[in-house]
Amino acid sequence: MKRKLCLKGIGLCMLILVLTCVGKGRVFANSLSILVNPLSQNYSAGEEVTLKTIAEGEKISYEWQYSFDGTSWTKWASSETNEMRYNIPAEWNGIMYRCIITDKNGNSKASEAAKLTLISGLIINQSPQSRTYKDGEEVTLKTIAEGEGISYEWQYSFDGTSWIKWASSGTNEMRYNIPAEWNGIMYRCIVTDKNGNSKASEAAKLTLISGLKINQSPQSRTYKDGEEVTLKTIAEGEGISYEWQYSFDGTSWTKWASSETNEMRYNIPAAWSGIMYRCIVTDKYGNIEFSGVAVLTYINKEDWELPII
């Protein structure tokens, strides 16, 4: 009986020992942890930057890695401490880095990635200016910027949203003969320094000096019920088109008719008495001018002839 109890006691001790070892193994396997991840920071070209992480575990080793795309990582350096110092070149602007920590049992963990951003001295002191131009005139586009090894890329846009490369230049000026059809075009300059830092200037606008002019607006007049009335304006310019509009309140205007000439004829009903009308003239370059407003007034049959006094 004592022997059985002794055997049971030995078995129990062994079981406790095994469980204790297993438990300790589990605790130990999970004891590797990163307490502080590396931090993103700014740097000047060639500056010595301190990379640092804080981790806990037994006999930790540190492997620093870098990446230019956040996907492919390359070994940078190994260290027995949680810090590494390195002189970062300007060309490494935007580089990401992380640390792989490994304990004595081969367990490993990767820190979160951090980013190094170059402190740029690139500044745009003066953006291009909006200006007017004549058809085919050579226009000088100019911006003023400061920085190292600056290059200039001029861009244009017809809607202010989609930008198209116009030309590249080694200087801050560009000359170009602007056609009349480019009336209203917007342009800007992208300046880039030798380290790859870029800045966009504010946009400016080119406006054609228009020869479009209204010499005579439509005239107010009276009319009889159903009478064909001639609406007329006189304008000058290139490739002019005419759009006639009417309004009953002088605020809301409705398209009446379009014409390739400066006259329009229309039979006006009596109910339209007091109607206002005007003409919008547009040249081939998209320039627009509004005529003055005229009024049509209906007269009754009784008023056609004045009584003799």
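Q: In which loop is the place of glycine 57?
A: In this predicted model, glycine 57 counts as partly exposed because its relative accessibility is 38%. Leaving aside neighbours within four places in sequence, glycine 57 is in contact with Ser31 and Leu32, and its C-alpha atom is separated by 8.6 Å from that of lysine 104, 47 residues apart along the chain. The place of glycine 57 is in the loop between strand 4 and strand 5.

Q: Which residue in the loop between strand 4 (54-56) and strand 5 (61-67) has a positive phi although it is a residue other than glycine?
A: The residue in question has a phi near 50 degrees. With a relative accessible area of 68%, this residue is exposed, since the cut-off for that class is over 50%. The residue with this backbone angle is lysine 59.

Q: What is the average pLDDT of the protein chain?
A: Of the residues in the protein chain, 87% score at least 70, and the average over the chain is a pLDDT of 85. Over residues 1-29, however, the pLDDT is below 50, and beyond near neighbours in sequence this stretch has four contacts in the model. Where pLDDT is low, the predicted coordinates should not be read in detail. For the protein chain, then, the average pLDDT is 85.

Q: How many strands does the secondary structure of the protein chain come to?
A: Residues 24 or more positions apart account for 59% of the contacts in the protein chain that have a separation of 6 or more. As for the secondary structure, one helix is found in the protein chain, and the number of strands is 30.

Q: What percentage of the residues in the protein chain is buried?
A: The protein chain exposes about 18500 Å², of which carbon and sulfur atoms supply 50%. Counting a residue as buried when its relative accessible area is under 20%, the share among the 309 residues of the protein chain is 32%.

Q: Which residues make the nonpolar surface patch of about 230 Å²?
A: One member, valine 36, has its place in strand 1 (residues 33-36), and valine 36 counts as partly exposed because its relative accessibility is 36%. That value meets the requirement of over 30% relative accessible area for residues of a patch. The nonpolar patch of about 230 Å² is made by Leu35, Val36 and Ile54.

Q: What is the distance from aspartate 193 to the nearest side chain of opposite charge?
A: Aspartate 193 is found in the loop between strand 18 (186-192) and strand 19 (198-200), where, not counting residues up to four places away in sequence, it touches Ser120, Leu122, Glu148, Gly149 and Ile150. Aspartate 193 is buried yet has no salt bridge, a salt bridge requiring a nitrogen to oxygen distance within 4 Å. The nearest side chain of opposite charge is that of lysine 199, and its distance is 8.7 Å.

Q: Which residue forms a salt bridge with glutamate 173?
A: The closest N and O atoms of this pair are 3.8 Å apart. The pair links distant parts of the chain, with glutamate 173 in strand 17 (residues 173-177) and its partner in strand 13 (residues 138-142), 31 residues apart. Glutamate 173 counts as partly exposed at 26% relative accessibility, and the partner is also partly exposed at 36%. The salt-bridge partner of glutamate 173 is lysine 142.

Q: Why does the pair of glutamate 263 and lysine 232 tie together parts of the chain that are apart in sequence?
A: Glutamate 263 forms a salt bridge with lysine 232, the closest N and O atoms being 3.8 Å apart. Glutamate 263 is partly exposed, with a relative accessible area of 26%, and lysine 232 counts as partly exposed at 36% relative accessibility. The pair ties the two parts together because glutamate 263 lies in strand 27 (residues 263-268) whereas lysine 232 lies in strand 23 (residues 227-232), a separation in sequence of 31 residues.

Q: Which residues do salt bridges that share partners join into one network?
A: The structure holds eleven salt bridges. One of them is the pair of glutamate 137 and arginine 131, whose side chains meet at 3.1 Å, N to O. The network joined through shared partners consists of Lys52, Glu83 and Arg85.

Technical notes
Residues numbered from 1 in each chain as written. Predicted model: local features only at pLDDT ≥ 70, side-chain atom pairs only at ≥ 80, totals over all residues. Heavy atoms only, no water. Patch = residues over 30% accessible without salt bridge, like charges linked within 9 Å, V, L, I, M, F, W, Y side chains within 5 Å. Areas by Shrake-Rupley, 256 points an atom, 1.4 Å probe, with all protein chains shown as cover. Helix = DSSP H or I, 4+ residues; strand = E, 2+ residues; numbered from the N terminus. Buried < 20%, exposed > 50% of the residue type's maximum accessible area, 1.4 Å probe, protein only. pLDDT = per-residue confidence, 0-100. Contact = heavy atoms within 4.5 Å. Lys, Arg positive; Asp, Glu negative; His and termini not counted.
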